[in-house]
Amino acid sequence: MHFPTAGGPFFRHLRMWHAVLASLVVVAVVVAFLVLRPSDGVRSVPNSPCRPTDSAREDTPAIPDLDGDGSADLVYESADRVPDFDVIIVPGSEQGPDHDRATVLSRDDLGVPDDIQTIDDQWRPTVADLDEDGHADLVYSGAAQVLWGGPEGPQAGGPHGRVPLPGGGNFDAPTAGDFDGDGHTDLAVFRSSAKGDELVVLKGPFKRSGAPARTVEIPSPITENASPVLASGDANGDRATDLALYDSPYDPPLLFTGGARTSSGLSKEPERLPEGENVVFGDFDGDGRQDVAVGRSFVDSYDDVDTPDRRGQVRVRYGKEPGKWVTIEGGDFKEGFGTTLAAGDFNGDGCDDLAVQLTKKKETGDARIEVLRGGSEDGLGSKPWRATKRPVSGDGGNGSLFDVQDWDGDGRAELTLFGTDRWWITDGTARDEASFPNVPSKEQGS
């Protein structure tokens, strides 16, 4: 696999770990991009229970393909130009993300009004077909601005709209999914304001103005003034998207079941998951049903708080045993096993594996990655775990896990790591496959 490399300007550090976690789920699923649809290259591995195709995988969201060429595109927001921001699109190819063809969309290109404030952090825009014209659309910033897609993807100065979010306050970037199971893409977003917090579900299909078919407001199920991250997946195999809320310092993760007979499509009461700071969905045991994994590192978000002298853990609930949680402890004491999770099929056997980031101090970026292989009869809980250790420090500073995709279409997913000024793409065996600047040269965006 070959990727172009080039020099580039300094990429702004994320100022706090909560924003890192937020960037990891701000997608048309948040995890919507972390659980991958298998490509034609997926194959069965001898003596593996994994299925190359199954209902759970066929229902997972499509890859972030903005130009419709079948390759995943790397899409992210950069606050390198404070107080403005850019959305950067690195188009995919059969060799992976092609940095030489990167597009930089400025605030003016995106049609963002001057009265919308932007943040000094990195986010991943939501990619989803909201207007059902067959082309992926780009939803960016917490104000839910939409740049409509076309045959060549969203274009600078192209048609745009804005999803009307109810009331005032602050909104995180939305997450996409079909929460009521009616076949239309919906958006879910969490709003925090002085008047009260709430979960907002915007029902599809959307008009070109950005207006949803219906808006449903749900009183916040979490402690006041908390700002959770949203992640989506199908935890019960009913083809309706379920919604997880996590990373509140005061509440355990919560899971709303989709397909309910409610105005939002989500269950009236959420399920309380085991305590943890992140949630992902994936089919780790190859039975055709998505499983749920919750990571708990025990590392505080602020480095001046001592970490308990214990190992971190990942708790997994398999679809075949919805009432049972399996606990996996890893790393050394105080090493933060479970800080960040991402699911993907790294060896192409049809089963999802689990990438686990370990971080002793969340704000210093001293991270490494372990990949726990799925596909055994007992899923990730089998012994040995076949873990692959991968330090993520290198030129340009330490790195953190950003995304998982099959970037080159070979049926095997790769890890995407970001550092102070560079991206790294590595396979599931800790081997680097690419490195390029976080922010393209100005000539590429002009």
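This briefing walks through the fold, a small sheet, an aromatic cluster and a covered strand. The model is predicted. The chain has 446 residues, and 59% of them count as buried. It holds 5 helices and 28 strands.

**Overall picture**

- Contacts across the sequence matter for the overview: among contacts with a separation of 6 or more, 53% join residues 24 or more positions apart.
- The accessible surface of the chain is about 17400 Å². Carbon and sulfur atoms account for 46% of that surface.

**A four-stranded open sheet**

- An open sheet is built from 4 strands, in the order β4-β5-β6-β7. The pairing in this sheet is antiparallel.
- The edges are β4 (126-128) and β7 (160-162). Each has a single partner strand, so one side of each is left without a neighbour in the sheet.
- From one strand to the next, the twist averages 25 degrees.
- Strand β6 covers residues 145-147 and pairs with β7 over 3 bridges, in the antiparallel sense.
- One bridge can be picked out by residue: Gln145 has Arg162 in β7 as its partner.
- In general, strands of a sheet pair through backbone hydrogen bonds, either parallel or antiparallel.

**The aromatic cluster**

- The count of aromatic pairs comes to 2.
- One pair is Tyr76 with Trp423, whose ring centres are 4.8 Å apart. Their planes stand at 65 degrees; planes over 60 degrees apart count as edge-to-face, so this pair is edge-to-face.
- Tyr76 lies in strand β1 (residues 74-78), while Trp423 lies in strand β27 (residues 422-426). The pair therefore ties together parts that are 347 residues apart in sequence.
- Tyr76 has a relative accessible area of 0% and is buried. Trp423 also counts as buried, at 0% relative accessibility.
- The rings of Phe402 and Trp423 form a pair too, with centres 5.0 Å apart. Their planes are at 65 degrees, so this pair is edge-to-face.
- Phe402 belongs to strand β25 (residues 400-405), and Trp423 to strand β27. These two residues are 21 residues apart, and their pair links distant parts of the chain.
- Phe402 and Trp423 are both buried.
- Taken together, ring pairs link Tyr76, Phe402 and Trp423 into a cluster.

**A charge over a ring**

- Arg311 places its charged end over the ring of Phe333. The distance to the ring centre is 4.4 Å.

**Strand β2 and its partners**

- Strand β2 spans residues 86-90 and is mostly covered, with 5 of its 5 residues buried.
- In a regular strand, side chains alternate between the two faces of the sheet.
- On one side of β2 are Asp86, Ile88 and Val90, and on the other are Val87 and Ile89. These residues are all buried, and both faces of β2 are covered.
- What pairs with β2 in the antiparallel sense over 5 bridges? The partner is β1.
- Tyr76 of the aromatic cluster also takes part in strand pairing: its bridge partner in β2 is Ile88.
- Strand β3 (residues 103-105) is joined to β2 by 3 bridges, and the two run antiparallel.
- Which residue in β3 stands opposite Ile88? That residue is Val104.
- Ile88 thus appears in two places: it is the bridge partner of Tyr76, and it stands opposite Val104 in β3.

Terms used:
Residues numbered from 1 in each chain as written. Predicted model: local features only at pLDDT ≥ 70, side-chain atom pairs only at ≥ 80, totals over all residues. Heavy atoms only, no water. Buried < 20%, exposed > 50% of the residue type's maximum accessible area, 1.4 Å probe, protein only. Contact = heavy atoms within 4.5 Å. Areas by Shrake-Rupley, 256 points an atom, 1.4 Å probe, with all protein chains shown as cover. Pairing = 2+ DSSP bridges. Axes fitted to C-alpha atoms, helices over the stretch in contact; angles between N-to-C directions. Phe/Tyr/Trp six-rings, centres within 6.5 Å; stacked < 30°, edge-to-face > 60°. Lys NZ or Arg CZ within 6 Å of the ring centre and 35° of its normal.
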